[in-house]
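Please open the structure in your viewer and keep the selection panel at hand. We will go from stop to stop, choosing what to select and looking at what is there.

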Amino acid sequence: MKLLGEFTEGLRIAWTAIRANKLRSALTTLGIIIGIVTVTLMGTAIEGLNAAFMNSVSSIGADVLYVQRRDWLIRSHQEWIEMRKRREFTLDQAKEIMDRVDFAQAMAPGDSHRASVKYGERSADGVRVFGTTWEFARVASLELMEGRFLSAAETDGGRPVCVIGSEVATNLFEGNPAVGHRLRLNGRGYEVVGVLEKRGSALGGESIDSQVVIPMRNFTLDFDPTPDITLQVKVSEMMSLDDAREELRNIVRRVRRVPPGDPDDFSINQQDQLVNMFRQVAGTIGGVGLFITGLSLFVGGIGIMNIMFVSVAERTKEIGIRKAIGAKRRTILIQFLIEAAAICLLGGLMALAISWPVTLAMRQFIPATLSPLVVSLALAVSALTGIVAGFLPAWRAARMDPVDALRSE
Amino acid sequence: MALIRLQNISRRYQMGGETIHALREISLEIERGEYVAIMGPSGSGKSTLMNLIGCLDTPTTGRYELNGTDVSGMDDNRLAEVRNREIGFVFQTFNLLPRSSALHNVELPLIYAGLRAEERRQVALQAIRDVGLEDRMHHRPNELSGGQRQRVAVARALVNKPSILLADEPTGNLDSRTGEEIMALFAQLSNRGNTIILVTHEEEVALNARRILRIRDGLIASDDPVAPRP
Ligand SMILES: Nc1ncnc2c1ncn2[C@@H]1O[C@H](COP(=O)(O)OP(=O)(O)OP(=O)(O)O)[C@@H](O)[C@H]1O
Ligand SMILES: [Mg+2]
């Protein structure tokens with residue numbers, strides 16, 4: 001009861017003090033504002049990037065291994081030169097590997113090329129044409145909006161048919177049914193047998209939505225007689241990804257006849273690599289953000305401490321009066337801590353008022369939201385800064401001698 | 001039992017290498033209900049004595065019993081409680097909080113005493129009425145005259161029903177007519193049984209009390225009753 005009364009009195013005093021010194025209070029909170037804006041924007045950006053990244057990386061498939069000539073992440077120029085020198089990964093090798101692998105749910109070799117696509121009057125250049133087998137639908141968990149995927153007979157024997165991404169379908173057919181119509185890919189006729197469900201954009205890479213999928217046989221006939229294959233292996237749930245990766249590596253080494261002791265002349269890629277790299281980048285951004293935040297909160301905190309010392313000095317007489325009529329040390333301490341915390345909280349609120357529209361602007365690029373977690377964190381951090389920075393001045397006030405304080409003018 | 005009992009109280013200040021004896025070995029008893037005026041030349045130690053009696057300060061040596069308890073060795077926080085409960089101060093410069101209304105100023109000791117808000121309001125209102133300022137209670141100190149401010153200060157001093165009312169030159173900043181008004185208020189309070197100790201320079205003011213204590217160089221020079229006025 002006693003504490004509650006002192007607390008509300010503290011709030012009252014803080015409010016009057018801040019109102020009486022509006023400009024001073026506002027200027028003091030600048031450091032706090034910068035700090036809190038940084039922390040909210042960083043938090044929001046990282047959360048947003050994370051969501052965007054996870055969304056786009058999910059199409060890669062967490063349980064799919066990609067056997068191919070090059071690594072997805074090339075860390076140095078030397079590595080790049082080494083990878084350029086690697087032998088091609090041929091379709092025959094891919095077939096041999098598929099014969100030996102017994103731990104896959106599904107496997108599909110594939111390669112792609114850019115081509116012009118035409119339907120009637122409408123056409124598009126530089127569309128990615130992807131040659132693969134019927135199993136690709138299972139590897140990539142594709143869903144169809146219309147028609148069906150390529151059949152085993154079509155991909156084994158070779159027939160000029162294709163399945164198109166949702167974006168290609170909208171561009172060429174403008175909402176009309178596509179199945180049964182003939183497209184021209186680099187001038188050769190292909191019949192549309194299916195349209196894929198929309199998958200959404202991928203960060204950097206090209207989404208399946210804007211691709212045309214054709215049988216591997218036809219790809220080698222019409223686009224590239226010696227394709228550079230990427231073999232996708234969807235690993236069975238019975239086996240761990242690491243074990244599968246190790247076994248696959250041995251098989252590929254044998255098929256490509258890599259002498260024992262020599263390094264691999266191929267790469268096995270997986271989603272994890274990208275996720276790890278992203279985590280590193282996000283971690284770096286977060287670290288820098290935290291540093292800026294810490295620095296500006298520190299500077300802001302010093303400002304608060306300074307202004308609170310001034311406030312205590314200005315109100316020495318008031319402290320004396322309050323003590324004379326019965327305020328204890330605790331009472332005075334609480335009063336000034338509340339004032340410091342209130343100034344900082346005000347800064348925190350202003351910072352959120354700045355961050356909010358910025359977050360809305362960010363939403364055009366990444367799925368950013370000012371989450372309740374970030375908001376409450378920002379407010380907690382600013383109040384805490386106030387309490388820490390205000391402690392020394394408040395302590396000095398609390399310990400003042402009442403007679404000396406009363407005598408001051 | 002005396003309300004106030006000072007035994008061999010001294011108060012010294014260290015100023016550089018020099019020791020200032022503001023009070024030297026004072027012994028004094030004041031009973032409940034007394035009305036005492038303290039007089040003496042400037043620098044004789046009147047305010048120092050008031051601060052000690054009011055528990056704002058502690059003696060360098062000696063023992064001070066207030067209401068039967070020894071307060072000379074108490075720490076800051078205990079003294080704050082004693083001040084809140086037992087003492088009401090009236091100062092020469094009023095010492096009201098400038099940004100608070102008269103009513104809030106009067107309420108303040110009750111906040112520190114831990115009363116609930118509604119109860120506080122009631123008690124504070126009554127105290128304001130007692131000094132005849134209910135129509136000014138929402139005004140701030142700078143919107144009140146000197147006499148009105150001192151009335152607010154008296155209301156604040158009395159709101160907790162303290163044992164002692166301490167007034168250090170309460171009329172020092174007032175013109176003679178308003179001063180007389182305040183002294184009339186004090187006489188009323190004394191008649192109702194309040195214990196009042198008052199510091200003043202003016203013989204005229206001191207004659208309102210029933211006992212005059214004269215101090216010189218930190219010592220009690222004389223201690224006489226005042227003859228009742230004709
Ligand atoms: N904080 C202090 N430090 C040093 N000396 C002090 C202090 N307070 C009072 N003194 C000294 O103690 C002596 C008594 O002071 P006090 O304030 O009690 O005088 P007073 O009788 O109230 O005088 P006045 O009538 O001018 O108010 C003076 O000599 C004063 O200088
Ligand atoms: Mg004095």
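What follows is a tour of a predicted model, with a ligand site, several strands, some salt bridges and a surface patch as its stops.

**Stop 1: the ligand site**

Start by selecting ligand 1 together with the residues around it. Which chains contribute to this site? Residues from both A and B surround ligand 1, so the site is shared between chains. There are 14 residues around the ligand, and those that come nearest are S42(B), G43(B), K46(B), S47(B) and T48(B).

Now show the polar atoms. At G43(B), a backbone N or O atom lies 2.9 Å from an oxygen atom of ligand 1. At G45(B), a polar backbone atom is 3.0 Å from an oxygen atom of the ligand. K46(B) uses its side chain: a polar atom there lies 2.7 Å from a ligand oxygen. On its own, ligand 1 has 640 Å² of accessible area, and the protein covers 70% of that.

**Stop 2: strands β3, β9 and β10 of chain B**

Stay in chain B and select residues 35-39, which form strand β3, and residues 211-216, which form strand β9. These two strands run parallel and are joined by 4 bridges. To see how they line up, pick M39(B), which stands opposite R214(B) in β9(B).

Next, add residues 219-225, strand β10 of chain B. Its pairing with β9(B) is antiparallel, over 6 bridges. R214(B) is a handy marker here too, as it stands opposite S222(B) in β10(B). Follow the chain from β9(B) into β10(B) and you go round a hairpin with 2 residues between the strands. In that turn, select D217(B), whose phi is positive at about 50 degrees.

**Stop 3: an open sheet in chain B**

Move on to the open sheet of 4 strands in chain B, with antiparallel pairing and the order β2-β1-β4-β5. Which strands sit at the edges? They are β2 (18-30) and β5 (69-70), each pairing on one side only. For a look at one pairing, select β1 (residues 4-15) and β2(B): the two run antiparallel, with 9 bridges between them. Within this pair, I4(B) stands opposite I30(B).

**Stop 4: strand β6 of chain A**

Switch to chain A and select residues 182-185, strand β6, with side chains shown. The side chains alternate: L183(A) and L185(A) point to one face and are buried, whereas R182(A) and R184(A) point to the other and are not.

Bring in the neighbouring strands next. Strand β2 of chain A (residues 104-119) pairs with β6(A) in the antiparallel sense over 2 bridges, and K118(A) stands opposite R184(A). Strand β7 of chain A (residues 188-196) also runs antiparallel to β6(A), joined by 4 bridges. Here L185(A) has R188(A) as its bridge partner. β6(A) and β7(A) form a hairpin with 2 residues between them, and N186(A) in the turn has a positive phi of about 45 degrees.

**Stop 5: salt bridges**

The structure holds 39 salt bridges over all chains; we will visit a few. Select E9(A) and R12(A), whose closest N and O atoms are 3.8 Å apart. They are 3 residues apart in helix α1 (residues 2-20) of chain A, which means a separation of about one helical turn. Is E9(A) buried or exposed? E9(A) counts as buried because its relative accessibility is 3%, under the 20% cut-off. R12(A), at 39%, counts as partly exposed.

Then go to chain B and select E107(B) and R121(B), a salt bridge with its closest N and O atoms 2.7 Å apart. E107(B) lies in helix α3 (residues 102-113) and R121(B) in helix α4 (residues 117-130), so the pair ties together parts that are 14 residues apart in sequence. E107(B) is buried at 3% relative accessibility, while R121(B) is partly exposed at 38%.

Return to chain A for a wider selection: E9(A), R12(A), R315(A), E318(A), R322(A) and E339(A) are joined into one network by salt bridges that share partners.

**Stop 6: a nonpolar surface patch**

Finish by selecting V288(A), F291(A), I292(A) and L295(A), and switch on the surface. Together they form a nonpolar patch with about 380 Å² of accessible area. Centre the view on F291(A), which lies in helix α11 (residues 271-314) of chain A. F291(A) counts as exposed because its relative accessibility is 58%, over the 50% cut-off.

Note on methods
Residues are numbered from 1 along each chain as its sequence is written. Chains are lettered from A and ligands numbered from 1 in the order in which they are written. This is a predicted model: local features need pLDDT of at least 70, side-chain atom pairs count only at pLDDT 80 or more; totals for chains, interfaces and linings use all residues. Side-chain values use heavy atoms; hydrogens and water are left out. Patches are made of residues with over 30% relative accessible area and no salt bridge: like charges are joined within 9 Å, nonpolar side chains (Val, Leu, Ile, Met, Phe, Trp, Tyr) within 5 Å. Accessible areas come from the Shrake-Rupley method with a 1.4 Å probe; for residues, only the protein chains shown count as cover. A salt bridge is a side-chain nitrogen of Lys or Arg within 4 Å of a carboxyl oxygen of Asp or Glu. Buried means under 20% relative accessible area, exposed over 50%, partly exposed in between (1.4 Å probe, protein chains only). A residue is near a molecule or strand if one of its heavy atoms lies within 4 Å of it. A polar contact is a pair of N or O atoms within 3.5 Å; within protein, one must be able to donate a hydrogen and the other to accept it, and residues adjacent in sequence count only if both atoms are side-chain atoms. Two strands pair if DSSP finds at least two bridges between them.
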